[in-house]
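Subject: Structure for your review

Dear colleague,

Please find the structure below, handed over for your consideration. A written account of what was found follows it.

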4 protein chains.
Amino acid sequence: MEPRVTVDELNAFLAREYPELNGPPVAGLPPVYAVHEVGPDFATVRLEAGPNHIRPGGTVSGPTLMTVVDIACWLAILAQIGTVALTVTTHLSIDFVRKPAPGPLHARAKVIKLGSRLAVTTCEITAPEGGPVFAHASATYSIPPASQRV
Amino acid sequence: MEPRVTVDELNAFLAREYPELNGPPVAGLPPVYAVHEVGPDFATVRLEAGPNHIRPGGTVSGPTLMTVVDIACWLAILAQIGTVALTVTTHLSIDFVRKPAPGPLHARAKVIKLGSRLAVTTCEITAPEGGPVFAHASATYSIPPASQRV
Amino acid sequence: MEPRVTVDELNAFLAREYPELNGPPVAGLPPVYAVHEVGPDFATVRLEAGPNHIRPGGTVSGPTLMTVVDIACWLAILAQIGTVALTVTTHLSIDFVRKPAPGPLHARAKVIKLGSRLAVTTCEITAPEGGPVFAHASATYSIPPASQRV
Amino acid sequence: MEPRVTVDELNAFLAREYPELNGPPVAGLPPVYAVHEVGPDFATVRLEAGPNHIRPGGTVSGPTLMTVVDIACWLAILAQIGTVALTVTTHLSIDFVRKPAPGPLHARAKVIKLGSRLAVTTCEITAPEGGPVFAHASATYSIPPASQRV
């Protein structure tokens with residue numbers, strides 16, 4: 001099926017519902033987390049890792065990579081069901097297999113099961129052009145009953 | 001065995017090696033992430049979740065909880081082996097089981113296996129005084145060979 | 001709260017609903033998997049690992065350890081909600097941290113969240129008398145709505 | 001790179017090193033676990049789930065699915081490095097997203113990182129002809145140093 005929500009709508013939703021994620025826009029700089037692509041069962045979020053996102057050793061920090069995974073998986077689901085903000089993560093598992101240097105990364109999340117109450121996703125982080133996987137993750141989300149959606 | 005590193009030493013290490021984590025100190029405000037206690041095989045990190053750490057619905061965000069887990073597990077290992085900053089996360093798995101409101105939380109990490117090259121930890125997030133678990137996690141770290149430590 | 005089901009009732013349930021797990025009883029031999037203890041939020045299953053449960057190198061195989069974890073976590077939940085056999089595993093994550101030699105092992109599972117539709121558990125495998133952890137796991141189960149229980 | 005080991009060699013290795021996995025051959029019946037395909041960075045294991053592998057509700061049991069994942073991921077690594085039997089699982093995480101009925105299933109494991117001491121894999125279980133995913137997993141293995149291989 002087609003996604004119900006476009007890239008622009010997802011970015012606007014993210015800025016409105018989760019303003020602290022990117023902080024206030026800075027002229028001439030891209031946001032740290034931006035939806036890049038969305039499709040029938042996936043969403044890709046672009047991470048612009050800057051000096052704030054580096055760990056000892058000079059590579060992108062684990063918490064930054066976990067954040068982009070969580071955002072991408074969440075939005076991959078919301079792209080299918082609509083922007084139900086109260087959809088929450090119940091589990092996230094990630095393997096860090098290579099250390100990414102600062103610079104843009106893509107987290108591509110795929111919905112492998114969309115139930116009425118639970119959705120399961122997988123996610124890979126690579127360079128924007130693809131190539132070796134930096135991290136592989138899976139994440140599960142609880143979807144509120146339709147009656148509790150706002 | 002006794003930890004090789006004290007609470008104060010771990011906090012100083014964190015500020016020096018990972019300055020972006022807490023950002024510059026703000027007069028009258030506690031740091032977001034602070035080592036609270038350290039012991040023979042554990043470390044507890046206190047999280048002061050503020051407005052920056054909230055997700056839609058008003059609870060502490062998943063990325064914030066994953067960050068405090070990663071810091072606590074990393075420091076629980078470094079407390080035993082010394083502050084080997086290049087010790088890196090290779091895997092992290094977390095179950096979010098209750099939604100914490102803003103305010104202080106404690107992440108207590110325990111080292112369940114300390115090998116020469118790999119260490120495995122578990123972590124629970126609760127209120128500072130204990131009580132129901134908000135999140136339970138496990139995390140694995142790769143320890144660089146002694147010859148590569150700086 | 002007190003468990004709703006006793007050790008003997010759980011063992012009888014296991015033999016009736018899951019006969020292939022232990023196979024037919026053998027005179028003079030204990031079952032491979034047997035409920036050992038049950039309490040307000042936990043269950044302990046004893047594994048008698050025999051020649052069938054050994055992997056190359058002579059230690060107890062990963063699949064055997066994953067099986068005892070799954071059984072212990074499932075029964076820890078059923079001890080609280082009653083023997084709802086259609087409660088199914090939705091996620092299991094395990095860290096193997098030490099290699100157990102053949103012989104008895106205890107898997108002690110604890111329920112950390114019991115919701116109406118989902119339950120989350122943790123589990124540790126040790127020698128019967130305790131001591132170092134051989135494996136640590138977490139597992140999540142989907143509980144069928146009351147109307148679908150048989 | 002080409003796998004170093006063929007399908008037939010992996011099946012012979014499995015029968016020799018892990019005889020309890022399939023038990024003694026039964027005339028006219030396929031083995032429960034059989035290597036089906038092997039490639040530069042993957043291996044597919046076919047599971048013939050029979051009456052012994054069923055859980056309450058009539059679907060293939062979680063332990064059976066975890067076993068085929070562990071075998072497939074292990075062999076995907078051994079196909080690249082040679083049949084180093086002492087390569088052992090250190091972590092396995094699995095999401096069960098649909099319930100498979102009895103019958104043949106394929107577990108396709110992919111090596112996403114092959115280090116000298118650790119290898120990380122992912123695995124999907126589907127029907128032999130593909131289609132919806134029944135389970136998705138990741139698993140990590142510790143590879144013994146060359147000097148300890150036999």
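Two strands are said to pair if DSSP finds at least two bridges between them. With that in mind, please note that the model is a predicted one, and that B:His91 stands opposite B:Thr140 in β6(B).

Strand pairing within chain B

That residue pair belongs to a longer run of bridges: β3(B) and strand β6 (residues 130-142) of chain B pair in the antiparallel sense over 8 bridges. A second partner of β6(B) is strand β5 (residues 118-127) of chain B, again antiparallel, over 9 bridges. Here B:Ile125 is placed opposite B:Ala135 in β6(B). The connection from β5(B) to β6(B) is a hairpin through 2 residues. As a general point, side chains in a regular strand alternate between the two faces of the sheet.

The fold of chain A

Chain A contains 3 helices and 6 strands. Their order along the sequence is α-α-β-β-α-β-β-β-β. The C-alpha trace of chain A spans about 45 × 35 × 25 Å along its principal axes. Is its radius of gyration in agreement or at odds with that of a compact globule? It agrees, because a compact globule of 150 residues would have a radius of gyration near 15 Å, and chain A has 15 Å.

The interface of chain B and chain A

A strand pairing also crosses from one chain to the other. Strand β3 (residues 88-96) of chain A pairs with β3(B) in the antiparallel sense, over 5 bridges. Within this pairing, A:Ser93 has B:Ser93 as its bridge partner in β3(B).

The contact draws 29 residues from chain B and 29 residues from chain A. About 2,400 Å² is buried between the two chains, and carbon and sulfur atoms give 56% of that area. On the side of chain B, three residues, B:Tyr18, B:Arg55 and B:Pro56, supply 22% of the area that chain B buries against chain A, more than any other three residues. The rule finds 0 salt bridges across the interface of chain B and chain A, whereas 12 residue pairs are in polar contact (both at pLDDT 80 or more).

Which elements of chain B give two or more residues to the side that touches chain A? They are α3 (62-81) and β3 (88-96) of chain B. Of the elements, β3(B) gives the most, with 9 residues. By class, this side of chain B has 13 nonpolar, 10 polar and 6 charged residues.

The interface of chain C and chain B

Chain C and chain B each put 11 residues into their contact. The area buried between chain C and chain B is about 1,100 Å², with 53% of it from carbon and sulfur atoms. Across this interface there are 0 salt bridges by the rule, and 7 residue pairs are in polar contact (both at pLDDT 80 or more). Four strands of chain C, namely β3 (88-96), β4 (103-114), β5 (118-127) and β6 (130-142), each supply at least two residues of the side that touches chain B. The most comes from β6(C), with 3 residues. The residues on this side of chain C divide into 3 nonpolar, 5 polar and 3 charged.

With kind regards

Definitions and conventions
Residues numbered from 1 in each chain as written. Chains lettered and ligands numbered in written order. Predicted model: local features only at pLDDT ≥ 70, side-chain atom pairs only at ≥ 80, totals over all residues. Heavy atoms only, no water. Contact = heavy atoms within 4.5 Å. Buried area = accessible area lost by both parts, 1.4 Å probe. Salt bridge = Lys/Arg side-chain N within 4 Å of Asp/Glu carboxyl O. Polar contact = N/O pair within 3.5 Å; in protein donor to acceptor, adjacent residues only side chain to side chain. Nonpolar A, V, L, I, M, F, W, Y, C, P; charged D, E, K, R; others polar. Rg over C-alpha atoms; globule rule 2.2 N^0.38 Å.
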